[in-house]
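Thanks for coming, everyone. I have a few minutes and one structure to walk you through. Please bring it up on your screens.

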Amino acid sequence: MALLIRNGEIVTAGSRVHADIYVENETVTKIGKNLEAPPNAETIDATGKLVFPGFIDPHVHIYLPFMATFAKDTHETGSIAALVGGTTTYIEMCCPNRNDDALEGYELWKSKAAGNSACDYAFHMSVTKFVKETESQLRQIVADGTASFKIFLAYKNFFGVDDGEMYQTLELAKRLGVITTAHCENAELVARLQQKLLAEGKTGSEWHEPSRRESVETEGTGRFATFLENTGATGYVVHLSCEKALRVALDAKVRGVKIHVESVLPHFLLDKTYAERPGVEGMKHVMSPPLRAKHNQDVLWSALAGGSIDTVGTDHCPFDTEQKVLGKDSFVNIPNGIPGIEDRVNLLYTHGVKGGRLDLERFVDCASTRAAKLFGLFPRKGTIAVGSDADLVVYDTSYRGVVSAKSQHVNNDYNGFEGMEIEGRPSVVTVRGKVQVCNGEFVGQRGRGKMLKREPSHF
Ligand code: URP
Ligand code: ZN
Ligand code: ZN
């Protein structure tokens, strides 16, 4: 069915214009003033509202066996939460561990998502070892439309790769034109510091950050950059948390290294005192790299505004209270992760745009367009243009609310951003022209989401 969105202010990464948007067969076919629509077309009045391209979360975990348990969302719950919050596409980390076969893992991750997501999705393929069959398996996976890799320099003996494996992955990525995303922490230092702290009787969640200090992340970021420099591959640092790590990434960029930077919602809004709270309250705020000293936040915000941090993801990774207390006797056993897929857009709008730190175009860029460009989805996703998928967010800037686990759609019993105020939320969200969300509620079709096939573009 045709859809007409009338009279909103259309905001893309490069423009703001008052106009109507007409959608046929899942794509935008006209943009202009006073567009006519056939009588049977669905019409949405966006007067006084902003209309954004569907937001893209470039870093989420839905199906994730990790730290002796499983992340809580299914593709159904995670995608509905994403959509209610304005995210119409997510890129999930496909994370088989070192003992798994990569291709079997890829098929398993695909099978978990297929037919279950209400929004569109893609994968980053984790390379967690490099053995004789790895190259041919990765070639098959890229040919299947998954044109980005993920490596972990952390999580020794589980997801983590050594330097030789990192080199082989990047060298292959360069030949295939694939971008490689990386979790940058020095695995050896993390293991040694964890053991040292535990031996000193330091077992609580407040010791998680000291076991993965800023220098541990900075070393990983610098090493990743050096390997990019020496292979010519293109890289993307995920969930960068602090000024020191940012500086080494930007130094590399100045040297001509093809390196991009993501930071994630918790690092802009939460600091390490959250993880220092007593008992399970602290455990709820354990993620890696850890929440940092507050002074880092101003640096991240200004780097984001200036574009040297490219994107804001979430690293959505929900573990509930019962799972978090697996680490009650030792911080090394607290499942790492803070969910945020539902809250990213509203909190970024509130603290970024309303807080005077981001202009509207850059907000769209960092939460949608830049990820679409880096990960081979643009201009199908990440903008509003004739020919683009009609993933549209009609945004009500007069809405006022409070983030709470009580009202969330994420499958979890707490929210790490509990009590934060939001100044705006999506009033309508469409996925390829179909209304999926209306005024904070999912009203659409479960399982509508498609896996997005992407071509390599980083030669
Ligand atoms: O704490 C985190 N970040 N959990 C998810 C796994 C990862 O490292 O991305
Ligand atoms: Zn990570
Ligand atoms: Zn992650």
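I will go through the ligand, the cavities, the pockets and a few backbone details.

Keep in mind that this is a predicted model.

Let's start with ligand 1. Where does ligand 1 sit? Ligand 1 is in the largest cavity. That cavity has a volume of about 110 Å³. Its lining is made of 16 residues. His 61, Phe 66, Tyr 155, Asp 315 and Asn 336 are the ones nearest the centre of the largest cavity. By class, the lining of the largest cavity splits into seven nonpolar, seven polar and two charged residues.

Now look at the residues around ligand 1. Four histidines are among them: His 59, His 61, His 183 and His 239. Phe 66 and Tyr 155 are in the shell too. Then come Met 287, Ser 288, Asp 315, Cys 317, Asn 336 and Gly 337. Sorted by class, that shell holds four nonpolar, seven polar and one charged residues.

Which atoms of the protein come up to the ligand? Take the backbone. Ser 288 has a backbone N or O atom 2.8 Å from an oxygen atom of ligand 1. Asn 336 places a polar backbone atom 3.0 Å from a nitrogen atom of ligand 1. Gly 337 has a polar backbone atom as well, 3.4 Å from an oxygen atom of ligand 1. How much of ligand 1 does the protein bury? On its own, ligand 1 exposes 260 Å², and the protein buries 100% of that.

Stay with Ser 288 for a moment. A cis peptide bond links Ser 288 to Pro 289, with omega at about -10°. So one residue gives us two things to remember: Ser 288 has that backbone atom 2.8 Å from a ligand oxygen, and Ser 288 is joined to Pro 289 by a cis bond. Pro 289 itself is in the loop between α10 (279-283) and α11 (295-306).

Back to empty space. How many cavities of 30 Å³ or more does a search of the whole structure find? The search finds six. You have met the largest. The second largest cavity holds about 80 Å³ of space. Pro 96, Asp 100 and Ala 102 are in its lining, and so is the run Ser 126, Val 127, Thr 128 and Lys 129. Thr 134, Gln 137 and Leu 138 also line the second largest cavity. Helix α3 (residues 134-143) contributes the most to that lining, with three residues. The classes here are four nonpolar, four polar and two charged.

On to the pockets. The largest pocket has a volume of about 390 Å³. It has 18 lining residues. Nearest its centre are Met 67, Tyr 155, Lys 156, Gln 194 and Val 332. Tyr 155 should sound familiar: Tyr 155 is also one of the residues around ligand 1. Which helix gives the most to the lining of the largest pocket? Helix α5 (residues 187-199) does, with five residues. Ten of the lining residues are nonpolar, six are polar and two are charged.

The second largest pocket comes to about 290 Å³. Its lining has 19 residues. Val 84, Glu 342, Ser 407, Ile 422 and Arg 425 lie nearest the centre of the second largest pocket. Strands β16 (392-402) and β17 (421-431) each supply at least two residues of this lining. Here the split is six nonpolar, nine polar and four charged.

Last, the backbone. Most residues other than glycine have a negative phi, and most peptide bonds are trans. We have seen one exception already, the cis bond from Ser 288 to Pro 289. Phe 378 to Pro 379 is also a cis bond, with omega near 5°. Pro 379 is in the loop between α14 (360-374) and β16. As for phi, look at Glu 26. Its phi is positive, near 80°. Glu 26 is in the loop between β2 (16-24) and β3 (27-32).

That's the tour. I'm happy to take questions.

Technical notes
Residues are numbered from 1 along each chain as its sequence is written. Chains are lettered from A and ligands numbered from 1 in the order in which they are written. This is a predicted model: local features need pLDDT of at least 70, side-chain atom pairs count only at pLDDT 80 or more; totals for chains, interfaces and linings use all residues. Side-chain values use heavy atoms; hydrogens and water are left out. On a 1 Å grid over the protein atoms alone, a cavity is a set of points where a 1.4 Å probe fits but cannot get out, and a pocket is an open set with protein on both sides within 12 Å along at least five of seven lines; lining residues have an atom within 4 Å of a point. Grid points are joined across faces, edges and corners, and a volume is the space filled by probe spheres set on the points. Helices (H or I, at least four residues) and strands (E, at least two) are DSSP runs, numbered from the N terminus. Ala, Val, Leu, Ile, Met, Phe, Trp, Tyr, Cys and Pro count as nonpolar, Asp, Glu, Lys and Arg as charged, and the others, Gly among them, as polar. A residue is near a molecule or strand if one of its heavy atoms lies within 4 Å of it. A polar contact is a pair of N or O atoms within 3.5 Å; within protein, one must be able to donate a hydrogen and the other to accept it, and residues adjacent in sequence count only if both atoms are side-chain atoms. Accessible areas come from the Shrake-Rupley method with a 1.4 Å probe; for residues, only the protein chains shown count as cover. A molecule sits in a cavity or pocket if more than half of its atoms lie within 2 Å of its grid points.
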